[in-house]
Amino acid sequence: GVDRLRTALQRMVDRLPAPDRTADVRLWVDRAFTVAGHGPVVTGTLGAGTLRCGAQLEVASTGDRVRIRGLQTLKTQQESVAAVARVAVNLRGTPRGTLGRGDALLAPGRWLSCGTVDGELLGPFPASELPAELVLHAGSAAVPVQLRPLGDEHARLTLAHPLPLRVGDVTLLRDPAQQVVVGRLTVLDVRPPPLR
């Protein structure tokens, strides 16, 4: 059945939309480490946009600006890498230990950090039956959230710390007590009005 599986996977990939290589970069960090003589390196999957050596990026958690010293994809040095690609990014200007899994490198000045979002839920349970304390998974980030139902299919999430999210982002919600995914949340508003 391996050949049938390969064929099915290829058909699925062929139906995916082409990546937007001009989009604002948001690289979710899945690993961060230091290479002797080169400095900090992060790895992640570039889903949209293009990275270039010498370009400046912003660290989502701190707002610090860093510069791309070097790029690798498939263990090959590159001057630029376009989405979709697994990348290793050698950075200049990063204080040691400031980057880790769940952080993101962003196109400077192009992303808002959101501490509260409204979204549409898709899952087996209505919002009112979900626990109030969940974990939101976006990219490689896993952030505790407080859920407030807004009807059966919508909810407001208050994040333990801000994330760079945009309208249309698809995230997962996990119940940490049960260790199960309880639904998918599509972000509808990254600056929702206060509830009274």
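**Exercise 1.** In this predicted model, determine what volume the largest pocket has, and describe which residues and elements line it.

*Solution.* Begin with the space itself: the largest pocket has a volume of about 400 Å³. Next, turn to its lining, which consists of 18 residues, and among these Arg26, Trp28, Gly47, Ala48 and Asp169 are the closest to the pocket's centre. Then assign the lining to secondary structure, where β1 (26–28) and β15 (170–175) are the elements that give two or more residues. Finally, sort the lining by class, which yields nine nonpolar, four polar and five charged residues.

**Exercise 2.** Describe the second largest pocket by its volume, and work out which element supplies the largest share of its lining.

*Solution.* The second largest pocket holds about 210 Å³ of space. Its lining includes Val35, His38 and Val41, together with Arg69, Gly70, Leu71 and Gln72. Two strands, β6 (65–73) and β9 (85–92), each contribute at least two lining residues, and the largest share, four residues, comes from β6. By class, this lining has five nonpolar, five polar and one charged residues.

**Exercise 3.** Establish in what order the strands of the barrel follow one another, and find which residue of β15 is the bridge partner of His137.

*Solution.* Follow the pairing around the sheet: six strands close into a barrel in the order β11-β14-β13-β12-β15-β16, with antiparallel pairing. Neighbouring strands of this sheet are turned by 40 degrees against each other on average, direction ignored. Now take one pair from that order, in which strand β12 (residues 133–138) runs antiparallel to β15 and is joined to it by three bridges. Within this pair, His137 has Leu172 of β15 as its bridge partner.

Key. Residues numbered from 1 in each chain as written. Predicted model: local features only at pLDDT ≥ 70, side-chain atom pairs only at ≥ 80, totals over all residues. Heavy atoms only, no water. 1 Å grid on protein atoms, 1.4 Å probe; cavity = no way out; pocket = protein on both sides within 12 Å on 5 of 7 lines; lining within 4 Å. Points joined across faces, edges and corners; volume = space filled by probe spheres on them. Nonpolar A, V, L, I, M, F, W, Y, C, P; charged D, E, K, R; others polar. Pairing = 2+ DSSP bridges. Axes fitted to C-alpha atoms, helices over the stretch in contact; angles between N-to-C directions.
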